[in-house]
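Here's a quick briefing to read with the model open beside you. Take a look at the structure first, then work through the points below.

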Amino acid sequence: MRSFFEHAPRLAAPDYIPTYEDILRAPTKSTAPLLESSFHLGLLTIVTFEINVPRWPGLRRKLPQLFAGVTSIIYCTALSEYDAVTHGQYHLKDSLAVFESVVTSPWFARTAVLLAFTKPDVFAAKLPTVPLETVCPEYTGGFDVAAATKFIQRAFLRCNRAPLPVYPVVMQATDPSYEFYTQMDIMIRDTLLRNVLRDCKLID
């Protein structure tokens with residue numbers, strides 16, 4: 001919201017047209033626990049389901065049965081919320097537990113995961129005031145943002161004991177770079193090819 005206040009004169013102009021960044025920063029709220037949408041990637045039509053975890057208390061029990069057979073999962077976790085409390089424990093610990101339940105589930109044995117770490121800018125500003133050691137005493141990187149980010153990434157990747165193909169990426173929603181979309185494109189194509197080869201008994 002601060003960004004909108006800073007640009008109030010421009011936003012109040014009679015000929016105002018929303019910019020790409022305005023659209024990205026516009027807050028949206030939904031009370032639905034599950035949102036379905038679709039988009040095109042070349043000749044492919046990608047159908048996505050967005051799960052609102054706080055509004056779906058029974059998610060962890062129902063997730064495998066509902067989404068068995070999906071080819072790709074985009075798992076988003078906010079770097080900046082490492083010290084928030086979710087379900088009686090730190091958000092980072094809770095997010096790790098959910099991620100582990102996903103990547104070790106037999107229902108997702110043919111699934112790839114795009115592991116997206118969001119809000120790196122907020123994380124960088126917060127780290128000096130709330131040390132990561134508060135949540136993870138084993139962390140020894142101090143206020144080094146790169147070291148803290150890698151520490152959290154490694155914690156998630158250690159959960160992948162299956163192992164599934166995991167594509168980690170640090171992304172900022174208001175950054176118009178295409179790293180996230182490039183990784184997603186690579187993941188989807190790799191997964192489709194791998195599953196075709198499995199069906200043809202060419203790989204395990």
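What follows covers a central strand, a glutamine, the salt bridges and the cysteines.

Keep in mind that this is a predicted model. There are three salt bridges to look at and zero disulfides. Strand β6 is a handy place to start, since seven of its seven residues are buried.

**Strand β6 and its partners**

- β6 runs alongside β3 in the parallel sense, and the two pair over seven bridges.
- On the β7 side the pairing is parallel too, this time over five bridges.
- Phe117 is a good residue to click on: its bridge partner in β3 is Thr77, and its bridge partner in β7 is Val170.
- Which way do the side chains of β6 point? Ala112, Leu114, Ala116 and Thr118 go one way, while Val113, Leu115 and Phe117 go the other.
- Whichever way they point, all of these residues are buried.

**Gln153, a polar residue to check**

- You'll find Gln153 in helix α7, which spans residues 145–157.
- Is Gln153 buried or exposed? Its relative accessibility is 19%, and the cut-off for buried is under 20%, so Gln153 counts as buried.
- Setting aside neighbours within four places in sequence, Gln153 is in contact with Phe117 and Val170.
- Those two contacts are themselves bridge partners, with Phe117 in β6 and Val170 in β7.

**Salt bridges**

- As background, side chains of opposite charge can pair when their charged atoms come close.
- Glu81 and Lys119 form one of the salt bridges, with their closest N and O atoms 3.6 Å apart. This pair links distant parts of the chain, 38 residues apart: Glu81 is in the loop between β3 and β4, and Lys119 is in the loop between β6 and α6.
- Both ends of that pair are partly exposed, Glu81 at 28% relative accessibility and Lys119 at 39%.
- Asp83 and Lys126 meet in another salt bridge, at 2.4 Å from N to O. Asp83 sits in the loop between β3 and β4 and Lys126 in helix α6, so the pair ties together parts that are 43 residues apart in sequence.
- Asp83 has a relative accessibility of 22% and counts as partly exposed; Lys126 is partly exposed as well, with a relative accessible area of 22%.
- Glu100 and Arg161 make a salt bridge too, at 2.3 Å from N to O. Here the link is between helix α5, which holds Glu100, and the loop between α7 and β7, which holds Arg161, and the two residues are 61 residues apart.
- How exposed are the two ends of this pair? Glu100 is partly exposed, with a relative accessible area of 26%, whereas Arg161 is exposed, at 56%.

**Cysteines**

- If you're wondering how many disulfides there are, the count is zero.
- Cys76 counts as partly exposed because its relative accessibility is 48%, and exposed would take over 50%.
- Cys136, on the other hand, is buried, with a relative accessible area of 3%.

Note on methods: Residues numbered from 1 in each chain as written. Predicted model: local features only at pLDDT ≥ 70, side-chain atom pairs only at ≥ 80, totals over all residues. Heavy atoms only, no water. Disulfide = S-S within 2.5 Å. Buried < 20%, exposed > 50% of the residue type's maximum accessible area, 1.4 Å probe, protein only. Helix = DSSP H or I, 4+ residues; strand = E, 2+ residues; numbered from the N terminus. Contact = heavy atoms within 4.5 Å. Salt bridge = Lys/Arg side-chain N within 4 Å of Asp/Glu carboxyl O. Pairing = 2+ DSSP bridges.
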